[in-house]
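Let's walk through this one together, starting at the end of a helix and working outward from there. Keep the viewer open as you read.

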Amino acid sequence: MVDAAMLDERPQAGINPQLQLLLVGISGSGVAAPIESVLREEGYGLIGATDVDAASAAISLCSPSLIVLDLASGEANGYAWVRSLKANLATVQIPVLVVNSHAHSGACVNALKAGADVFLMQPLSADELRLQVRNLLRLTEKAFLPVDGEALVLRPARAGALNPAGADRLSNGARQVAILDALPVTVALLDRQGIVVSVNQAWRNFADLNGMAPRCNFGVGSDYLAICELAGLSEEDRSLDAACGIRAVLSGAAHDFSIEYPCHTEQQQRWFMMTVSPLGDGAEGAVVMHMEVTQKYRAEQSLRASEAQFRQMADNIRDVFFLFDATTWRVLYVSSAYEEIIGRSCASLYADSHSWTSAMLPDDCARIATAYTTHRKSTNARFDCFFQIRRPDQKVRWIFIKVFSILDAGGIVTRIAGVAQDITESREAGHDLRESEHRFHELLNNSSLLSVMLDLEGKVTFCNEALLRLTSRRLDAVIGGDWFSIFMAADHAEARKHFLDLLSDSPTTLRYEDEILRENGERRLICWNSSVLHDHNGKVIGTASIGEDITEQRKSATKILSLNANLEKMSSQLLHAQEQERISLARELHDELGQRLALLKINLHHLRRFLFEPDAHAAWAVLDAAVLTLIAQIRVISVSLRPPALDYLGLESALEQLLKRQFATGDCGYIFEYAGLPAKLAPPIEIAVYRIVQESITNVVRHANATCVVVEVNGGEAGRELELIIRDNGVGFAHHAGTQVQRADGSRGGLRGMHERVELLGGTFNVESSASGGTRVIVVFPLQAC
């Protein structure tokens, strides 16, 4: 408890009333009595407390200039109490003098570790006590004062700043403690040797979270430099660098020091920044602050990764990316494409940010400088231009550059960014394209073909001279006008449908015929070839058409068709007449000449009865044989001209008799197949098939030297046609379409006549033959057409 008598006792005359000493555990009796007596003689104001609890209560009432603690009654409690004083910013500046009557070797060390400023052993020397107290009190003439409202440093207090009761000092100390405890960063005060003399609330909280508070009293009294050096034994730790920085500040070699370092746990990764500032003029110690910068560090990591990705992307793109400082024009970044396009090193641009302009052609350099100066006065943030450069290899290249102004939050231009492209190839390609377009237009205008281009609405965007000449129209009356209204008749629905189909890419090209109108209303028939026009992005933008005036051709074609129809009709009539003539001739041979020969033979037989001479009988026999032969030949000719079986028995029987008659003698055999056909066919088909078989068999017998002939007559795959196939295994011939057959023996096969006969009936005629592979004749007649 606090000794009331000592509290009420007034100092003697001449004693400095500003200096009050708190005596803890010291009474008027015992070994401690000389301490009280010596101090009273010195004129100090004395406040007594029997134990540390009473002493804490006394400190809360007044702020003593010095504390004298006797550890005779409780050494362990005394050390703990001293630690708490030094851990509290409100009492850390109060010097503590510890006396102890227990003379063991660890007492002094333990006291100093706890934070005591001086340790004395009993019995005491009065002079030593006086000098130690005076020295300690001299140090208390320094007080904590705020600087610029941010940091706290130790500076000398003004003379007379302390009031007799010490109330202002307590108020200032409390304010300083409150300010430090309110800081979100951890703060520790170090003395000149690097010993921790005080910490703030954030430091104590951090120590609590890491289990350090009970063990080391929040680090107060610890040698911070030794702790850093011990932790710095790890290669990854930056504690050695931190210790060197703190020493530099404490020694006055550096005004301040800062360092970032990792402080990871098993649960998370964190980074901190330590700053060290001197106390006062640097002779009192230093202020160490630790601020967590994990969020900033990770943001910087992300920024560095993003920047690395950007650089990697920029270095792999052929265009040049660059970034300038808007104030100094210093190059902050340029991509590696600069060396490829400009032909100069990136290092040269970093060394001289204006060196790239030396590559520009003089006229372009002046032009761009003037244009950019004008641009800087405008509000437009983007500036585009193109110019020519001459590379070190003397090649001239075209460059297109896009420049952007980067503004800060206040709208001030801080950076100039841009992209430079080598457009030499595209510019040359554009020049070539313009030349090509010019030649294309010249070609279309000098062509006799009609040419027109329409946009999506059917308006004319181009037409050539040939179209204008044909329609007798003027160019200014056509361009921009509606194609269908100007050139088409009222019934142009089909033409518009073609146009819309093309625009929908169905199909992409179209060939059709349509009529257009001349200015005088005359219609001209045009054969159009139209296609879709696309822009460089593939978007449909219109149609292009090339046309040919086929009006006269169509008239000629119609006339030719009419003539061909008449010719076919005449050919058909000619064949019919020929067949009729054959029928008539066969009938005449059979009926007239045959009958007369038969009568002649009868008369010859009657004449034989009157022949008596042997020579007459011989002559008669010869004459009779000749008559028989003549009758047989007449019969063969008659049948060949018109086989009676064809009229009475049908095609199948007529062909069967023909084959039997042709191959009755000789070494060549035949195979005949007939199936899939109606019993009665149109007479022109029957006659044509019969004549083709007759002609083909005659050719085989005379020229092919075949051993087998196959004749097939069937109804085709669908049964709606007649298919005739004649093939042999004899000697073939070289056949070319449209030419008369020329065999190896010089004879002609009569294929042209067969071909014409088939075409007149709307059929197809094909011949396949080779010199060693025989011959194959294929004829197809459409039955429904007959």
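Glycine 252 comes right after helix α11 and has a positive phi, near 85°. Helices here (H or I, at least four residues) and strands (E, at least two) are DSSP runs, numbered from the N terminus. Keep in mind that this is a predicted model, where local features need pLDDT of at least 70, side-chain atom pairs count only at pLDDT 80 or more, and totals for chains, interfaces and linings use all residues. Residues are numbered from 1 along each chain as its sequence is written, and side-chain values use heavy atoms, with hydrogens and water left out.

Back up into α11 itself. The helix covers residues 239-251, 13 in total, and reaches 18 Å from first C-alpha to last, close to the 18 Å expected at 1.5 Å a residue (the expected span is 1.5 Å times one less than the number of residues). Its buried residues are Ser239, Ala242, Ala243, Gly245, Ile246, Val249 and Leu250; buried means under 20% relative accessible area, exposed over 50%, and partly exposed in between, with a 1.4 Å probe and protein chains only. Those buried residues cover an arc of only 165° around the axis, so they sit on the same side of α11. The arc is that of the directions from the helix axis to the C-beta atoms. On the other side, Cys244 and Ser251 are exposed. The cover over the buried residues of α11 includes β9 (186-190), α10 (224-231), β11 (257-262), β12 (271-278) and β13 (286-292).

Now try α15, residues 362-376. Its buried residues are Asp364, Ile368, Tyr372 and His375. Why do they line one face of the helix? Seen down the axis of α15, they fall within an arc of 55°, so one face is what they line. An α-helix has 3.6 residues a turn, so residues three or four places apart point the same way. The face turned away from that buried side of α15 carries the exposed residues Pro362, Asp363, Thr370 and Thr374. The buried ones pack against β16 (382-390), β17 (396-407) and β18 (413-422).

For a strand, look at β4 (residues 66-70), where five of five residues are buried. Leu66, Val68 and Asp70 are on one side, with Ile67 and Leu69 on the other. Strands pair if DSSP finds at least two bridges between them. β4 pairs with β2 (residues 20-24) in the parallel sense over four bridges, and leucine 23 has valine 68 as its bridge partner. Four bridges also join β4 to β5 (residues 96-100), again running parallel, and aspartate 70 stands opposite valine 99 there.

Further along is the largest nonpolar core, with 40 residues. Such a core is a set of buried Ala, Val, Leu, Ile, Met, Phe, Trp, Tyr and Cys residues joined through side-chain atoms within 4.5 Å. Helix α24 gives the largest share of this core, ten residues. Among the residues with the most contacts inside the core are Val689, Val711 and Phe781.

Finally, a word on confidence. pLDDT is the predictor's confidence in each residue, from 0 to 100; the chain's mean is 78, and 79% of its residues reach 70 or more. Over residues 142-171, pLDDT stays under 50, and it also stays under 50 over residues 28-32.

Note on methods
Contact = heavy atoms within 4.5 Å.
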